[in-house]
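Reader: I would be grateful for a close look at a single part of this model, namely its parallel sheet and what accompanies that sheet.

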Amino acid sequence: MAILIRGGTVVNADRAFRADVLCDGDKVVAVGPALAAPAGAEIIDAGGQYVMPGGIDPHTHMNLPFMGTVTQDDFFTGTAAGLSGGNTTIIDFVIPNPQQPLLEAYHQWRGWAEKAAGDYSFHVAITWWSDKVHEEMGTLVRNHGVNSFKHFMAYKNAIMADDETLVKSFRRALELGAIPTVHAENGELVYQLQQDLLRQGISGPRAHPLSRPPAVEAEAANRAIAIANVLNTPLYIVHVSCKESLDAITRARAAGQRVYGEALAGHLIVDDSVYDHPDFDFAAGHVMSPPFRSREHQKALWQGLQGGNLHTTATDHCTFCAEQKAAGRNDFTKIPNGCGGVEDRMAVIWDEGVNSGKLTPSEFVRVTSANAAQIFNIYPRKGLIAAGSDADIVVWDPEGSRTISAKTQFAKGGFNVFEGRTVKGIPSTTVAAGKVVFHRGELRAVEGAGRHIDRPAFAPVTAR
Ligand code: URP
Ligand code: ZN
Ligand code: ZN
Ligand code: ZN
């Protein structure tokens with residue numbers, strides 16, 4: 001059935017303009033003034049509202065087996081929560097165990113994702129190296145719609161990639177037209193600092209940020225940037241949380257290197273005072289890596305987004321409930337790392353970014369969908385409202401407001417790092433693949449309606 005979104009202001013990354021948007025099937029078929037409604041079309045009144053490309057969260061972990069447990073949100077509940085927040089696509093991560101064939105892990109994740117309510121795609125983590133990994137990277141790019149590979153520089157004795165793996169994988173990615181991405185933290189330093197803290201009897205959640213200071217992140221960011229520079233590969237750094245890492249990206253870009261940075265909604269909004277809270281469940285609920293930082297770092301991250309040295313916003317949505325977090329009650333290194341946010345990212349960034357004047361609505365679109373679509377090569381199918389693009393749209397009510405709470409959220413896990421925050425500017429309607437999936441608080445997510453989005457390899461880069 002056709003959908004006509006009438007009377008709103010369409011906001012793309014390049015401009016905002018008054019227009020109606022007509023969707024038919026899963027595509028936008030027309031954008032323009034006073035479009036006629038086809039017979040039987042569903043009309044959505046967008047008067048006084050913005051009509052924007054559905055959000056793309058380029059960093060989530062649904063159904064993730066991690067630190068001995070599995071996240072609360074699976075691909076259905078997680079993508080459904082995302083749809084309620086105006087988010088129509090996620091890029092999640094296939095994380096093979098060391099020694100596990102990449103394709104085996106890839107198909108495992110594809111199976112888990114069958115129940116997704118919204119569109120999804122996968123970065124694939126390179127957690128070990130062999131000739132078979134080299135070969136399977138090629139198969140993934142050529143036959144399975146993967147164009148980005150993730151490297152965890154942290155999580156020693158688990159999924160950490162050493163320098164040999166980084167160098168070989170970055171080089172292979174370049175050859176294939178794929179982009180390497182990194183979680184930048186020096187895993188050896190984290191490990192040693194964790195042991196120091198435990199030896200000193202500092203075992204609560206406050207020790208978590210102490211074991212992962214900004215310099216630990218900056219070392220890894222600088223190392224990854226240096227490797228990418230030597231090999232002439234692009235690089236995308238996930239969850240940049242501190243000024244020192246941002247500075248490394250800014251320097252590299254000023255020197256002509258193609259480096260992209262991602263900021264998490266959580267890192268932009270929540271500060272490290274949460275770890276001082278006397279309640280273990282509250283403090284542990286905020287344990288994620290890299291940790292929340294001081295206000296000074298938050299300010300730098302906003303400036304990075306404004307200045308164009310950070311490009312995307314994500315959530316790293318990775319939900320664990322209180323019982324799961326309690327595994328680390330006597331040892332902070334055993335608290336499963338991760339926080340949620342997929343349903344709140346758009347609203348908290350609008351509220352803190354657009355309402356304060358730090359971002360224009362078009363800049364908001366840039367950092368919530370368009371840049372991610374361009375960097376990961378699904379633009380203009382995603383990240384743009386134009387004839388021919390996917391009918392993934394959020395109708396945004398700038399006057400609507402909502403108080404965020406775990407009690408009322410769609411996501412699972414029973415915890416929310418934005419708890420109690422009242423945001424002004426919320427989705428009134430989300431259209432995904434041409435279907436209304438959320439309307440004025442009512443979620444109409446359909447299990448299995450999400451599609452895998454193939455991301456083609458990039459054209460070869462010959463010079464810079
Ligand atoms: O603490 C986090 N971020 N958990 C998810 C895995 C990762 O490092 O992204
Ligand atoms: Zn990470
Ligand atoms: Zn992550
Ligand atoms: Zn539980």
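Author: Two strands are taken to pair if DSSP finds at least two bridges between them; strands (E, at least two residues) and helices (H or I, at least four residues) are DSSP runs, numbered from the N terminus. The model is predicted: local features need pLDDT of at least 70, side-chain atom pairs count only at pLDDT 80 or more, and totals for chains, interfaces and linings use all residues. Residues are numbered from 1 along each chain as its sequence is written, while chains are lettered from A and ligands numbered from 1 in the order in which they are written.

On that basis, an open sheet is formed by eight strands with parallel pairing, in the order β6-β9-β10-β11-β12-β13-β14-β15. Its edges are β6 (55–60) and β15 (312–314); each has a single partner strand, so one side of each lacks a neighbour in the sheet. On average, neighbouring strands are turned by 30° against each other, direction ignored (axes are lines fitted to C-alpha atoms).

Within the sheet, β9 (residues 87–94) and β10 (residues 119–125) run parallel and are joined by six bridges. Ile91 stands opposite Ser121 in β10.

As for the ligand, ligand 1 is surrounded by His61, His183, Met288, Ser289, Asp316, Cys318, Asn337 and Gly338, where a residue counts if its C-beta atom, placed from the backbone, lies within 6 Å. By class, this shell around ligand 1 comprises five polar, two nonpolar and one charged residues; Ala, Val, Leu, Ile, Met, Phe, Trp, Tyr, Cys and Pro count as nonpolar, Asp, Glu, Lys and Arg as charged, and the others, Gly among them, as polar.

Definitions and conventions: Axes are lines fitted to C-alpha atoms, for helices over the stretch in contact, and angles run from 0 to 180 degrees between N-to-C directions.
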